[in-house]
Amino acid sequence: MRPSRCLLLPLLATAPAASASTDAATLGLVDHPLGWIALALFALAYALVIAEERIHIAKSKPVMLAAGLMWGLLAWWSIQSGQGVELVHEAFKAMFLEYSEVFFFLVVAMTYVTAIGERGVFDALRDQLLKRHLNYRQLFWITGLLAFMISPVLDNLTTALVMSAVILAVGAGNRKFVVLAFINLVVAANAGGAWSAFGDITTLMVWQANKVEFTEFFVIFLPSLVNWLVPAAIMHFAVPKERPPASPQRSQVKIGGLGICVCFALTIAITVSGRQWLQMPAAWGMLTGLALLNFVAARIERREMRWALANGVQDHSRYSIFKIIANAEWDTLLFFYGVFACVGALATLGHLELASQALYGGLGYTWANSIIGVLSAVFDNIPIMFAVLKMNPPMDHGQWLLITLTAGVGGSLLSIGSAAGVALMGASRGLYTFMAHLRWSLVIALGYIASILTHLWLNAAHFTG
């Protein structure tokens, strides 16, 4: 089949109106005052999330409060009206079960990443780059490539934070390099996270919802690569040609660092195998891996205690994996609960069913999924993807891969569109800002469009419409 015709097949699939359906019954209260109150609560909560840096209120607080009020109002209405009591209860239980699976998955993943960082593995990686005396353009490409290849395992947020330390270490004093390298880092981390079930919360949700199998995410590897390479190739010419000064700093991996890395790889293998062949939730594999990590931690503790006794160290603190768990990003974890609960309440009221009919029925799948990716740059991809999964439009495999791609990489269009971008604005010490990223948004948009076209062209066989 000619490439041009392969490209037209999924585009033609957008012509018929799509009848979307939700995966649960709704109360049909879209035009009821309760429906408008719930929308207002969600809008207000999300406005406070966006203004987190200005008002200094953790992002989890407004969405959790909004979620509590929305579900409380739903329960009150169901009792007063004598309708839908069981529906509201079952809807909340279903939402909470979905969140619980994501929660435990993330707790274990964050614990592993924190443990690896505490053992000095990431610092050693940074020093390996520093001692090679690379110029700024070489570092621009190497940090971007590392972000693209590491984020499928560590997730895009963690990868961005790890690589930002490298960029700040080698680019101190060169504002232009730091800004361009951070923009490149955000794009690369988000693009890398889009082609792996472990790379982003959105891909994890799609995987757990049985919309895409683990190995099928690899189908969008090349579109994701294009999404990063197009803007990176254009930004390359703006990166300074100079070479950063050498740094004498050297870090060493602590006892058990490599063992934790091996245990993490084994945990991923158990999780994928359990999901693919045993049909067990991903949280089962991750929690099994957490048990293995506890055994590794016990060995590290014994070795460190022996070293402390041999060297006469009296105030040696005991190594404990539970201390590391306590240092997880709890604000982020609770924020996800608030998002899941708010979107679940809107779905129960009937808002998502209405939005699905307007969006997918009016525009067709390809255009709708492409626009949703752009919206994720403003509203964050997590509530966007959870809303799509709640809408549950009857899309074919190619379209589910498309929405996975667009929701994953669309957040790169703005610095506030992804967790990686928001985190780097805080880590850059005022160098990487919203406006600095916005100046390159058009270039990033070229990569976004190119990635969609690449998917439609290369993966036309996955479209059955």
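Is Arg-119 buried or exposed? In this predicted model, Arg-119 counts as buried, at 2% relative accessibility. The side chain of Arg-119 nevertheless takes part in a salt bridge with Glu-118, with N and O 2.7 Å apart. Glu-118 itself, at 30% relative accessibility, counts as partly exposed. A second salt bridge links Glu-118 to Lys-254, and here the closest N and O atoms are 3.7 Å apart. Glu-118 belongs to helix α5, whereas Lys-254 lies in the loop between α11 (221-235) and α12 (257-277), so this pair ties together parts that are 136 residues apart in sequence. Lys-254 is partly exposed, its relative accessible area being 43%. Through shared partners, salt bridges join Glu-118, Arg-119, Lys-254 and Glu-304 into one network.

Four salt bridges are counted in total. One of them pairs Glu-90 with Lys-93, the closest N and O atoms being 3.9 Å apart; this pair falls within the 4 Å limit that defines a salt bridge. Both residues of this pair are in helix α5 (residues 85-118), three residues apart, or about one turn of the helix. An α-helix has 3.6 residues a turn, so residues three or four places apart point the same way. With a relative accessible area of 44%, Glu-90 is partly exposed, while Lys-93 counts as exposed at 54%. The class assigned to Lys-93 follows because its value lies over the 50% limit for exposed residues.

Helix α5 also contributes to the largest pocket, supplying six residues, the largest share of the lining. This pocket holds about 1,300 Å³ of space. Its lining comprises 49 residues, of which Lys-59, Leu-157, Ala-419, Val-422 and Ala-423 are the closest to the centre. By class, the lining divides into 32 nonpolar, nine polar and eight charged residues.

The second largest pocket contains about 550 Å³ of space. Among the 19 residues that line the second largest pocket, those closest to the centre are Phe-42, Leu-352, Ile-384, Ala-387 and Met-391. At least two lining residues come from each of α2 (33-50), α15 (330-349), α16 (351-363), α17 (365-379) and α18 (381-391). The lining of the second largest pocket has 18 nonpolar residues, one polar residue and no charged residues.

Helix α18, one of the contributors to the second largest pocket, is mostly covered, with 11 of its 11 residues buried. The buried residues of α18 include Ile-384, Ala-387 and Met-391, which are also among the residues closest to the centre of the second largest pocket. Asn-381 and Lys-390 are likewise among the buried residues of α18. The helix is followed by Asn-392, whose phi is positive, near 50°.

Helix α17, a further contributor to the second largest pocket, contains Ser-370. The relative accessible area of Ser-370 is 12%, and Ser-370 is classed as buried because this value is under the 20% limit. When residues up to four places away in sequence are not counted, Ser-370 touches Thr-406, Tyr-448 and Ile-452.

Helix α11 has 15 residues and reaches 22 Å from its first C-alpha to its last, close to the 21 Å expected at 1.5 Å a residue. Its buried residues are Pro-223, Ser-224, Asn-227, Trp-228, Pro-231, Ala-232 and Met-235. The elements that cover the buried residues of α11 include α7 (136-154), α9 (175-194), α19 (397-409) and α22 (441-458).

Met-280 is located in the loop between α12 and α13 (282-310). At 31% relative accessibility, Met-280 counts as partly exposed. With neighbours within four places in sequence left aside, Met-280 is in contact with Gly-274 and Arg-275. The C-alpha atoms of Met-280 and Gln-208 are 9.8 Å apart in space, and the two residues are 72 residues apart in sequence.

Conventions
Residues numbered from 1 in each chain as written. Predicted model: local features only at pLDDT ≥ 70, side-chain atom pairs only at ≥ 80, totals over all residues. Heavy atoms only, no water. Helix = DSSP H or I, 4+ residues; strand = E, 2+ residues; numbered from the N terminus. Buried < 20%, exposed > 50% of the residue type's maximum accessible area, 1.4 Å probe, protein only. Expected span 1.5 Å × (residues − 1). Contact = heavy atoms within 4.5 Å. 1 Å grid on protein atoms, 1.4 Å probe; cavity = no way out; pocket = protein on both sides within 12 Å on 5 of 7 lines; lining within 4 Å. Points joined across faces, edges and corners; volume = space filled by probe spheres on them. Nonpolar A, V, L, I, M, F, W, Y, C, P; charged D, E, K, R; others polar.
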